[in-house]
Amino acid sequence: MALRNNDNPSPDRGVEILFGYSSPESQIVEQIETEMLTPAEYRNFLSMTDDNVALFTHQAVAIDKADFSPDRLKGYFTARLLMNADGSSSVDDVSVNFILSTPGTNDDD
């Protein structure tokens with residue numbers, strides 16, 4: 001939902017939130033560190049293709065699948081970005097896969 005509300009409360013705040021949740025090993029963090037990638041540049045990059053429009057224009061999100069790795073340090077999710085104004089399912093919905101992970105081994109991570 002951060003990208004859907006990207007400019008609230010300030011321009012590109014949603015992309016900043018995405019940056020904050022990116023793994024240190026991710027390509028995003030690499031580009032921030034080596035190329036000084038800014039939130040505005042990444043928003044422009046995402047906005048260049050029709051494939052990414054749903055990231056900014058979806059109406060609701062549904063989690064279709066969630067699973068954990070055997071060590072429970074990673075969570076694998078499939079989310080569906082719902083495009084209908086009423087949040088109902090349609091053929092225009094977009095599926096997105098993502099992984100959440102923690103470097104630690106206890107419940108506080």
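Let's start with Phe-77, which sits in strand β2. This is a predicted model, and that one residue makes a handy way in. The protein as a whole has 4 helices and 3 strands, and along the sequence they come in the pattern α-α-α-α-β-β-β. Below, we go from Phe-77 out to its sheet, then over to the helices, the odd backbone spots and the overall figures.

**Phe-77 and its surroundings**

- Is Phe-77 buried or exposed? Its relative accessibility is 19%, and since buried means under 20%, Phe-77 counts as buried.
- Phe-77 has plenty of company: leaving aside residues up to four places away in sequence, it touches Ile-63, Lys-65, Ala-66, Val-96, Asn-97, Phe-98 and Leu-100.
- One of those contacts, Ala-66, is also tied to Phe-77 through the strands, as Phe-77 in β2 is the bridge partner of Ala-66.
- Another one, Leu-100, is 23 residues away from Phe-77 in sequence, yet the two C-alpha atoms are 8.1 Å apart in space.

**The sheet**

- Which order do the strands take in the sheet? It is an open sheet of 3 strands, ordered β1-β2-β3, and the pairing is antiparallel.
- The edges belong to β1, covering 60-68, and β3, covering 94-101, and each of these pairs on one side only.
- On average, neighbouring strands of this sheet are turned by 25 degrees against each other, if you ignore direction.
- As a bit of background, strands of a sheet pair through backbone hydrogen bonds, and they can do so in a parallel or an antiparallel way.
- Strand β2 runs over residues 74-82, and its antiparallel pairing with β1 takes in 8 bridges.
- Phe-68 belongs to this picture too: the residue standing opposite Phe-68 in β2 is Gly-75.
- β1 and β2 make a hairpin, with 5 residues in between.

**The helix side: Leu-18**

- Over in helix α1, which spans residues 13-21, you'll find Leu-18.
- Leu-18 has a relative accessible area of 29%, so it ends up as partly exposed.
- Setting aside residues up to four places away in sequence, Leu-18 touches Ile-28 and Tyr-42.
- Pro-39 is 21 residues from Leu-18 in sequence, while their C-alpha atoms are 9.1 Å apart in space.
- Tyr-42 and Pro-39 can both be placed on the helix map, as α3 covers 39-47. Ile-28 has its place there as well, with α2 covering 27-35.

**Backbone spots worth a look**

- A little context first: most residues other than glycine have a negative phi, and most peptide bonds are trans.
- Where does a cis peptide bond turn up? It runs from Asn-8 to Pro-9, with omega near 15 degrees.
- Pro-9 itself lies in the segment before α1.
- Met-36 isn't a glycine, but it has a positive phi of about 55 degrees. You can spot Met-36 in the loop between α2 and α3.
- Met-36 has a relative accessibility of 59%, so it counts as exposed.
- Arg-72 is not a glycine either, and its phi is positive at about 65 degrees. Arg-72 is in the loop between β1 and β2, in other words in the turn of the hairpin.
- With a relative accessible area of 57%, Arg-72 is exposed.

**The loop between β2 and β3**

- Asp-92 is found in the loop that links β2 to β3.
- Is Asp-92 buried or exposed? The relative accessible area of Asp-92 is 54%, and as the mark for exposed is over 50%, Asp-92 is exposed.
- Asp-92 and Ala-54 are 38 residues apart in sequence, and C-alpha to C-alpha they are 9.1 Å apart in space.

**The whole protein in figures**

- The C-alpha trace spans about 40 × 35 × 25 Å along its principal axes.
- The protein has 109 residues, and 26% of them count as buried.
- About 7,700 Å² is exposed, with carbon and sulfur atoms supplying 52% of that.
- Take the contacts between residues at least 6 apart in sequence: 31% of these join residues at least 24 apart.
- How many charges of each sign are there? There are 7 positive and 19 negative ones, and their mean positions are 6 Å apart.

Conventions. Residues numbered from 1 in each chain as written. Predicted model: local features only at pLDDT ≥ 70, side-chain atom pairs only at ≥ 80, totals over all residues. Heavy atoms only, no water. Pairing = 2+ DSSP bridges. Helix = DSSP H or I, 4+ residues; strand = E, 2+ residues; numbered from the N terminus. Axes fitted to C-alpha atoms, helices over the stretch in contact; angles between N-to-C directions. Buried < 20%, exposed > 50% of the residue type's maximum accessible area, 1.4 Å probe, protein only. Contact = heavy atoms within 4.5 Å. Areas by Shrake-Rupley, 256 points an atom, 1.4 Å probe, with all protein chains shown as cover. Lys, Arg positive; Asp, Glu negative; His and termini not counted. Charge placed at Lys NZ, Arg CZ, Asp CG, Glu CD.
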